[in-house]
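Student: I would like a close look at a single part of this model, one chain and the contacts it makes. Please give one connected account.

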Amino acid sequence: MKTAFFLCAVTATFLAVSAFSVLQPGYQVGDKAMDFSLKNVDGKTISLGSDKTAKGYVLVFTCNTCPVAQAYEQRVIDLDKQFASKGYPVIAINANDGQLSPGDSYEAMKKRSADKKYGFPYLIDETQQVAKTFGATHTPTVFVVQRQGSDFVIKYIGAIDNNAQDGGQASQKYVQNAVNELLAGQPVAVPTAKAIGCGIKWKKA
Amino acid sequence: MALHHRWLFFLLLILIAESSYGQPIRIIKYPDLQQILESPNDSILIVNFWATWCAPCVSEIPHFEKISSQFAASKVKVILVSLDAASLLKKKVEPFIARKRIKSAQVVLLDETDYNAWIDKVSPEWSGALPFTLIINKKNKLRKGFERPFTEAELTAELKPFIQ
């Protein structure tokens, strides 16, 4: 009897784990984004609502250690330079567990953002709740959000462009195009695009 | 001139011999992958998408090699699809595969950098995160995707229903 119960419990846990392991529920284009309060590398807390002048944001789930994120780092810095003054600044968020991935600890984030002179916030998602709510699964992944009244609506989800190895060779600059379209009051022509990246290092349950 | 050619020929031979230490790794395009995934036969296919730069992928690679030799009699075929840059085949991928002594599992390098053009075709449920593994039973068309790394025990457990 005890064994049967144990087996049932094991099977149930297993089924629950395997059902969630494939696809995390998260935001779709058109959804309203939950606001968050996350700690920046300077110790201050940042929310979507913090910057009253922002028309929206380029939210980038990224990290220090993923080679794909590193390959895109300069392109993220350039996106902020290009769009912050136009009302769409970058906010970078690192959700990797610092224990599983010490190179992504808060201290390491501070160092990276200082070394590379990030002109934008680099936030730590310590509970990983923001990444889970958005449905970010790998780095780098971008969510472009647009302010609509007091809400922030998701307008684009996915890759920065279609050439990880060489941005100069990219024939599709998804994020740049999306923000330009939003600034021009147009719908985003390519609202999602997938790319290969490093799975987020989730805390062990 | 002829002498030059001969030297070039020897040089080429040496290069070929060098690179075939371990297994030769074919660079493929999406239609080749599609053929691997869809061509009808009676095997059970485990297709693992990985890269040398992906730490959890690197840790689980030996499990795939072990499963491949262990279940060969059950018609299980393992294909490791590297998403490394094709330019790094000789420098990174081949030495890695030789070092890890991957012999039973077949390794290919998918040279398709416009990811959005093919990820959904492999599996709509795949976000693009590595590692990603597909298990396919070609006979009964059973197919399941896993966007997470495996332990050897987990991989064996997931494979079992496909064999029976």
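Tutor: The account below takes chain B, its sheet, its contact with chain A, and then the salt bridges.

This is a predicted model, in which local features need pLDDT of at least 70, side-chain atom pairs count only at pLDDT 80 or more, and totals for chains, interfaces and linings use all residues. Residues are numbered from 1 along each chain as its sequence is written, chains are lettered from A and ligands numbered from 1 in the order in which they are written, and side-chain values use heavy atoms, with hydrogens and water left out.

Chain B contains six helices and seven strands; helices (H or I, at least four residues) and strands (E, at least two) are DSSP runs, numbered from the N terminus. Read from the N terminus, the order is α-β-α-β-α-β-α-β-α-β-β-β-α. Of the 164 residues in chain B, 47% are buried, where buried means under 20% relative accessible area, exposed over 50%, and partly exposed in between (1.4 Å probe, protein chains only).

Six strands of chain B form an open sheet in the order 1-4-3-2-6-7, with mixed pairing; two strands pair if DSSP finds at least two bridges between them. Strand 1 (26-28) and strand 7 (142-146) of chain B stand at the edges with a single partner strand each, so one side of each has no neighbour in the sheet. On average, neighbouring strands of this sheet are turned by 25° against each other, direction ignored. Within the sheet, strand 2 (residues 44-50) and strand 3 (residues 76-82) of chain B are paired in the parallel sense over seven bridges. In strand 3 of chain B, Ser82(B) is the residue opposite Trp50(B). Helix 2 (residues 30-38) of chain B lies across strands including strand 2 of chain B, to which the helix runs at about 145°; axes are lines fitted to C-alpha atoms, for helices over the stretch in contact, and angles run from 0 to 180 degrees between N-to-C directions.

The contact between the chains takes 24 residues from chain B and 23 residues from chain A, contact meaning heavy atoms within 4.5 Å. Together the two chains bury about 2,000 Å², with 59% of it on carbon and sulfur atoms; buried area is the accessible area (1.4 Å probe) that two parts lose on being put together, summed over both. On the chain B side, Trp53(B), Tyr115(B) and Asn116(B) lose the most area to chain A, together 29% of what that side buries.

One salt bridge is counted between chain B and chain A; a salt bridge is a side-chain nitrogen of Lys or Arg within 4 Å of a carboxyl oxygen of Asp or Glu. Lys194(A) and Asp120(B) form a salt bridge, their closest N and O atoms being 2.5 Å apart.

Inside chain B, Asp111(B) forms a salt bridge with Lys29(B), with 3.5 Å between the closest N and O atoms. Asp111(B) lies in the loop between strand 4 and helix 5 (119-122) of chain B and Lys29(B) in the loop between strand 1 and helix 2 of chain B, so the pair ties together parts 82 residues apart in sequence. Asp111(B) is partly exposed at 23% relative accessibility, and Lys29(B) is partly exposed at 40%. A network of salt bridges also links Lys144(B), Arg148(B), Glu154(B) and Glu158(B).
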